[in-house]
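Colleague: I'm new to this one and would rather understand one spot well than skim the whole thing. Could you pick a single part, look at it closely, and then show me what surrounds it?

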Amino acid sequence: MPCVFCEIAAGRSPASIIYQDASVAAFMTLRPTAPGECLVIPKTHIDHSTDIPDEIAQRIMVVAQRIGRRMRSSFPLDRVGFLVHGYGVTHAHLIIVPQQGPHHLTSDRFARIDDGRIAFDMSGIPVADRATLDEHARRLASDH
């Protein structure tokens, strides 16, 4: 099965693009935990974030910083968080999260009680509609 992020980077799968250049792409998260959540990827398929070449890692962070600044003026939020966890899509990515409190990145969006234990998954987070994702991408896009 092809990598969905590689398909997006190649223009073969739909995405609400915020920014792209020769080495990185930024687009809206399909299941955002808050309005404006998005991510930045290397266009080349790299599984582990620690394997990203330094120059591309620097580019990812610069693009994320610029989008994060724009996020602060475009959406109501307490803070902007960056998350790299390595699961979900096996293509390195940096998630930019408009945080709505100190536990936003983990427990208050992904947590549920399953048979008396805390479990984390995305099943309770709906897929956002494309029109909303496109509008949020437009609000976050600027010169990078």
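Modeller: Let's start with His91, which is found in the loop between β4 and β5. Keep in mind that this is a predicted model. Is His91 buried or exposed? With a relative accessible area of just 1%, His91 is buried, since the cut-off for that is under 20%.

So what is His91 in contact with, once we leave aside its neighbours within four places in sequence? One group of contacts is Cys3, Phe5 and Cys6. The others are Ile41, Pro42, Lys43, Thr44, His45, Ile46 and Asp47.

Follow Phe5 for a moment. Phe5 is itself buried, at 8% relative accessible area. The structure holds one aromatic pair. Its members are Phe5 and Phe27, whose ring centres lie 5.5 Å apart with the planes at 75°, so the pair is edge-to-face. Phe5 belongs to helix α1 (residues 4-9) and Phe27 to strand β2, so to speak two distant parts of the chain, 22 residues apart, linked by this pair. Phe27 counts as buried too, at 2% relative accessibility.

Strand β2 takes us on to helix α2, because the buried residues of α2 pack against β2 (24-28), within the 4.5 Å contact limit. They also pack against β1 (17-20), β3 (38-42), β4 (79-83), β5 (94-99) and α4 (130-140). Helix α2 covers residues 54-74, and its 21 residues reach 30 Å from the first C-alpha to the last, close to the 30 Å expected. Its buried residues are Ile56, Ile60, Val63, Ala64, Ile67, Gly68, Met71 and Ser74. Why do they end up on the same side of α2? Because they cover an arc of only 145° around the axis. On the other side of α2, Asp54, Glu55, Gln58, Arg69, Arg72 and Ser73 are exposed.

Now for the nonpolar cores. The largest has 24 residues, and the ones with the most contacts inside it are Ile18, Cys38, Val40, Ile67 and Leu140. At least two residues of this core come from each of β1, β2, β3, α2, β5 and α4. Helix α2 gives the largest share, six residues. There is also a second, separate core of eleven residues, which includes Cys3, Phe5, Cys6 and Ala9.

That brings us back to where we began: Cys3, Phe5 and Cys6 are among the contacts of His91.

Note on methods: Residues numbered from 1 in each chain as written. Predicted model: local features only at pLDDT ≥ 70, side-chain atom pairs only at ≥ 80, totals over all residues. Heavy atoms only, no water. Helix = DSSP H or I, 4+ residues; strand = E, 2+ residues; numbered from the N terminus. Expected span 1.5 Å × (residues − 1). Buried < 20%, exposed > 50% of the residue type's maximum accessible area, 1.4 Å probe, protein only. Arc of directions from axis to C-beta. Core = buried A, V, L, I, M, F, W, Y, C linked by side-chain atoms within 4.5 Å. Phe/Tyr/Trp six-rings, centres within 6.5 Å; stacked < 30°, edge-to-face > 60°.
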